[in-house]
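Reader: I've got the model open and I'd like to talk through its aromatic rings. Can you walk me through them?

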Amino acid sequence: MGFIVLKEPTMSPETEEKLAKVRRYSASLAKLFVFFQVIVVIGALISTALLLTANSPNSTLVFVDTAFQGDEITLPVRLVTLTGMLLVFAIGLKLLYHLKSLFGLFAEGEIFTADTVSHIRRIGISIFLFLAVWLYAILAKVLLLTMGQSGQVAEGIDATIGFGLKYDTFLMAIGGIIIIVISWIMDVGRELREEHDLTV
């Protein structure tokens, strides 16, 4: 008749010291990511306020590579820009949340568990989602053009408020996919380790 024996993990003093450092540093990083979340929320509120109050003739709004000045800053232009900005802030908050949660688990000594792997995978998904911002910007520019909101070339124009894009977005998307794949491999490794730790 078979039975299961759970092997009690044993650690050397050196390993325990390393784990203590990991927990200590991870706790500090978790708090740092909470601080970054607060900064992002404040940034979102300030950006929204600037966008809604940019009413003077000297105000300039830049959406990607197109500038709108004065009366050109119409309601559709504001809404398109605000939506793009809030999308970026939302993805940023999601990314920071999973980073904070991951290091929170590390601080509790959970290094190689299903929860940590899950947060790593969601970090990859969050990074990949920045590609959605790029796609949104393309569609939004087409929408503005069809509504007659053409604006002018933004090169060399100082913006009161703006929404821009970096051209390394696709590299970020690839990085996100790589992190997702790594999390999957880690999850398989975790399952193999758990099966190995069980002696039948």
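Author: Sure, one definition to start: buried means under 20% relative accessible area, exposed over 50%, and partly exposed in between (1.4 Å probe, protein chains only). This is a predicted model, where local features need pLDDT of at least 70, side-chain atom pairs count only at pLDDT 80 or more, and totals for chains, interfaces and linings use all residues. Residues are numbered from 1 along each chain as its sequence is written, and side-chain values use heavy atoms, with hydrogens and water left out.

Reader: How many aromatic pairs are there?

Author: Rings of Phe, Tyr and Trp (its six-membered ring) pair if their centres lie within 6.5 Å; planes under 30 degrees apart count as stacked, over 60 as edge-to-face and the rest as tilted. By that rule, the count is five.

Reader: Phe33 and Phe103 form a pair, but of which kind?

Author: Phe33 belongs to helix α1 (residues 13-53) and Phe103 to helix α2 (residues 75-107), 70 residues apart. Helices here are DSSP runs (H or I, at least four residues), numbered from the N terminus. Their ring centres are 5.7 Å apart with 35° between the planes, making the pair tilted.

Reader: Why does Phe33 count as buried?

Author: The cut-off is under 20% relative accessible area. Phe33 counts as buried because its relative accessibility is 13%.

Reader: And why is the pair of Phe103 and Phe106 edge-to-face?

Author: Both residues lie in helix α2, three residues apart, about one turn of the helix, and both are buried. Their ring centres are 5.6 Å apart, and the pair is edge-to-face because the planes sit at 85°.

Technical notes: Helices (H or I, at least four residues) and strands (E, at least two) are DSSP runs, numbered from the N terminus.
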